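Reader: Please take me through the reasoning behind the labels given to this model, setting each value against its cut-off.

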Amino acid sequence: MNTDAPTKRPGGRSARVRAAVHGAAIALVAERGADQVTLPAVAERAGVNSSTVYRRWGTLAALLADVAQHRGESGAPPLVGDLRTDLENQAAWTLAELSRPGGIAFFRAEVAPDVDDRHEGLRECLRRVGERFRPVLDTARERGDTPPSLEQVLDRIVAPLYFRVVFSIPGTDEAYVRELVGAFVGEPGPGA
């Protein structure tokens, strides 16, 4: 008889349920819009019992916030070793993540006061977005460059992107990203 304490294995059923529910939520938000999605619909699409979804997340807003926290965990563009290019690539990837179907709905859920009464989600979102840009700045510093601070990148690149996507401002595309970064690092963009 093995008397060792059971160890928690990574993945397993819980991870599969989470992945199925997240996938279902993403698909339904993309198809219907966040205001037309319900937890029972997500559970049905995911092939799990509604009680499982309610027990784990409680509300649709909490589920969408959880999806938002895990959506951008992979897929960041590789660094090429040039500050401007790396900032452009990271900003374009951030814009693509935020702009994809349901992206803004997941962001709004993550920072919504009914899910986040102590602003933990807002701080976590800011930390996560900052962590996307930190390697760009660290790599530039290691090359001997003097990159801007992370706070400057958040203020001058990230904040305008989020603002423009939240308010659906036309022209918020990759060309805008490259122009924004070029103006920030003091270099004219292509065609300037």
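Author: What follows is a short exchange on a cavity and a helix contact in this model, which is a predicted one.

Reader: How many cavities of 30 Å³ or more does a search of the whole structure find, and what makes such a space a cavity rather than a pocket?

Author: The search finds one cavity of 30 Å³ or more, and about 170 Å³ of space lies in the largest cavity. The word cavity applies because a 1.4 Å probe fits at its points but cannot get out, whereas a pocket is an open set.

Reader: Which residues lie nearest the centre of the largest cavity, and which helix gives the largest share of the lining?

Author: Of the 15 lining residues, Ala 68, Leu 98, Gly 103, Arg 132 and Tyr 162 lie nearest the centre. Helices H4 (60–71), H5 (83–99), H6 (103–111) and H7 (120–142) each supply at least two residues of that lining, with the largest share, four residues, coming from H6. By class, the lining has six nonpolar, three polar and six charged residues.

Reader: Why is helix H1 called roughly perpendicular to helix H3?

Author: The axes of H1 (residues 12–32) and H3 (residues 50–57) come within 12 Å and cross at roughly 95 degrees. Angles of 65 to 115 degrees count as roughly perpendicular, and therefore H1 is roughly perpendicular to H3.

Reader: Which residues make that contact?

Author: On H1 they are Ser 14, Val 17, Arg 18, Val 21 and His 22, and on H3 they are Thr 52, Val 53, Arg 56 and Trp 57. By class, this contact has four nonpolar, three polar and two charged residues.

How values were computed:
Residues numbered from 1 in each chain as written. Predicted model: local features only at pLDDT ≥ 70, side-chain atom pairs only at ≥ 80, totals over all residues. Heavy atoms only, no water. 1 Å grid on protein atoms, 1.4 Å probe; cavity = no way out; pocket = protein on both sides within 12 Å on 5 of 7 lines; lining within 4 Å. Points joined across faces, edges and corners; volume = space filled by probe spheres on them. Nonpolar A, V, L, I, M, F, W, Y, C, P; charged D, E, K, R; others polar. Axes fitted to C-alpha atoms, helices over the stretch in contact; angles between N-to-C directions. Parallel < 35°, antiparallel > 145°, perpendicular 65-115°, else oblique. Contact = heavy atoms within 4.5 Å.
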